[in-house]
Amino acid sequence: MVNPSIFRQYDIRGIVDKDLNEEALYLIGKAYGTYMLRKNKKTAVIGGDARASTRSYMDQAIRGMREVGMDVTDIGLVASPVMYFAIWKLETDGGLMITASHNPSEYNGIKMNIGLQSVYGPEIQEVLKLIQTEDYEKGEGTLSYHNIDKEYKDYIVNNIHLDRPVKVIVDGGNGMGGPYLPEILRRLGCEVVEMYCDPDGNFPNHHPDPTVEKNMRDLSAAVKASNAEVGLGLDGDADRIGVVDENGKMLYGDQILNIIVRDYLKDNPGERIIGDVKCSKNYFDDIKKYGGIPIMYKTGHANIKNKMFEEGIKVSGEMSGHVFLGDRYLGFDDGVYVCCRFVEIMSKMDKPVSRFLEDQPHMFNTPEMHVTSTDAEKFNVVDRVRKSFVDEGYDVNDIDGMRITFDDGWALCRASNTTPVLVLRFEAETEERLHEIQKLVEDRIAKLK
Ligand SMILES: [Zn+2]
């Protein structure tokens, strides 16, 4: 019927014509509609990215939703945050986005929303179960069309105030952010050079993931070759951002966050800020130093968004480039808006981006590393490794796998929610110590795997 393995932790994602086809989208539309109706939710928007299969998938999902009785508003091809914005602006009960985010062109997928929250974890399995048991509501829903682009752009332009024009290069990665970000920045007074800003679902220039260094090479070179002050990158559906400074050097997700958080804390001292377990020690220390309360939490955009809404936290983010701003904005991960806030901060600073965090201690760290495991075993392996360190008296945080804190560094070992791998990351004050910590944990994993 539909391959169950494409129903993942945070969304549905699969290979076009193998895991996903028009029939599957029709059934997913029916199941999502049924799931919503049984929670007394009756209206939804639907948008999609620029992949070749997206438009026909949207039409099938619409057919499915209407047949169970959902009233649907089609907002056309948009970025994911524009779909979230439409839920808020049009006051619908939820929304669907047909996208595979940064995945290559052979993929497509579905993000499901209930209100401004993601449908995720066990809730996604509930939607799958409705398909497996063919348990659908019956009804006759309506369909209307609404192009929300102008309202979205105007909203951001009215929200952001630059103290001076900033020279910016935008790499849209041929994703869905290109039709929005450059225009908004120009209206804010910026001088903007566009790279790969035409949506193209074949992603002819690079994979649309701005947290991977090789995808940012062209942007970095372009910034260096010009007198631009910053390079801004977006992922395929524009819910994540990447930044390169005026020297072409890439900032990590937690560094981007620290810059935004410092600015936020100036007017909001004492506020709590979430970061995921992959963030640097510097991230959490910096929040404290600038008067905030850091909270270390589980990786995963839906986890963090949910925790923020539950606890009334206004600013959070994760290493992967998801930044959530409920301060002056709507709280969801909007790469376009976050880029504009970043540029607003730049316009108020009297130094270049490369020096914003110059007072942070230099740490030695590894990028995110993966150890192959299986979906059946990965959580057990992490449990065994964690237990062994707890038994030996190490300082272990277990909110998401295992993060050991040392006086001079930390080690992370967690199971990926989306792929059959263990995710590792290490950081320390010296290179020697980094190797020591890394060896300690890697040897333990090899022994207990
Ligand atoms: Zn994305």
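Welcome to a short tour that starts with one charged pair: Asp359 and Arg262 form a salt bridge, with their closest N and O atoms 3.1 Å apart. Asp359 sits in the loop between helix H11 (335–348) and strand S17 (364–365), while Arg262 belongs to helix H8 (residues 253–267), so this contact ties together parts that are 97 residues apart in sequence. Please keep in mind that the model is predicted. It holds 43 salt bridges, and a zinc ion has four donor atoms here.

**The opening pair, seen by accessibility**

- Asp359 counts as partly exposed, because its relative accessibility is 33% and the buried class ends under 20%.
- Arg262, at 12% relative accessibility, counts as buried.

**A bridge between a strand and a helix**

- Asp74 and Arg55 form another salt bridge, and here the closest N and O atoms are 2.7 Å apart.
- Asp74 lies in strand S3 (residues 71–77) and Arg55 in helix H2 (residues 54–68), so the pair ties together parts that are 19 residues apart in sequence.
- The acidic partner, Asp74, is buried, with a relative accessible area of 3%.
- Its basic partner, Arg55, counts as partly exposed at 32% relative accessibility.

**A buried pair and a network**

- Arg13 and Asp11 meet through their side chains in a salt bridge, at 2.5 Å from N to O.
- Arg13 is buried, its relative accessible area being 11%.
- Asp11 is buried as well, with a relative accessible area of 4%.
- Elsewhere, salt bridges link five residues in a network: Lys150, Lys153, Asp154, Glu183 and Arg187.
- As general background, side chains of opposite charge can pair when their charged atoms come close.

**The zinc site**

- The zinc ion takes its protein donors from Ser101 (OG), Asp235 (OD), Asp237 (OD) and Asp239 (OD), at distances of 2.0 to 2.3 Å.
- Along the chain, these donors follow the spacing S-x133-D-x1-D-x1-D.
- The angles among the four donor atoms run from 83 to 175°, and the site is irregular.
- Why is the site of the zinc ion not classed as tetrahedral, given angles of 83 to 175°? A tetrahedral label requires all angles to lie between 85 and 135 degrees, and the range of 83 to 175° does not fit that window.
- Among the donor residues, Asp235 and Asp239 are both buried.

Key: Residues numbered from 1 in each chain as written. Predicted model: local features only at pLDDT ≥ 70, side-chain atom pairs only at ≥ 80, totals over all residues. Heavy atoms only, no water. Salt bridge = Lys/Arg side-chain N within 4 Å of Asp/Glu carboxyl O. Buried < 20%, exposed > 50% of the residue type's maximum accessible area, 1.4 Å probe, protein only. Helix = DSSP H or I, 4+ residues; strand = E, 2+ residues; numbered from the N terminus. Donors = N, O, S within 2.8 Å, 3.2 Å for Na, K, Ca; no water. Tetrahedral: all angles 85-135°; square planar, octahedral: opposite > 155°, others 65-115°.
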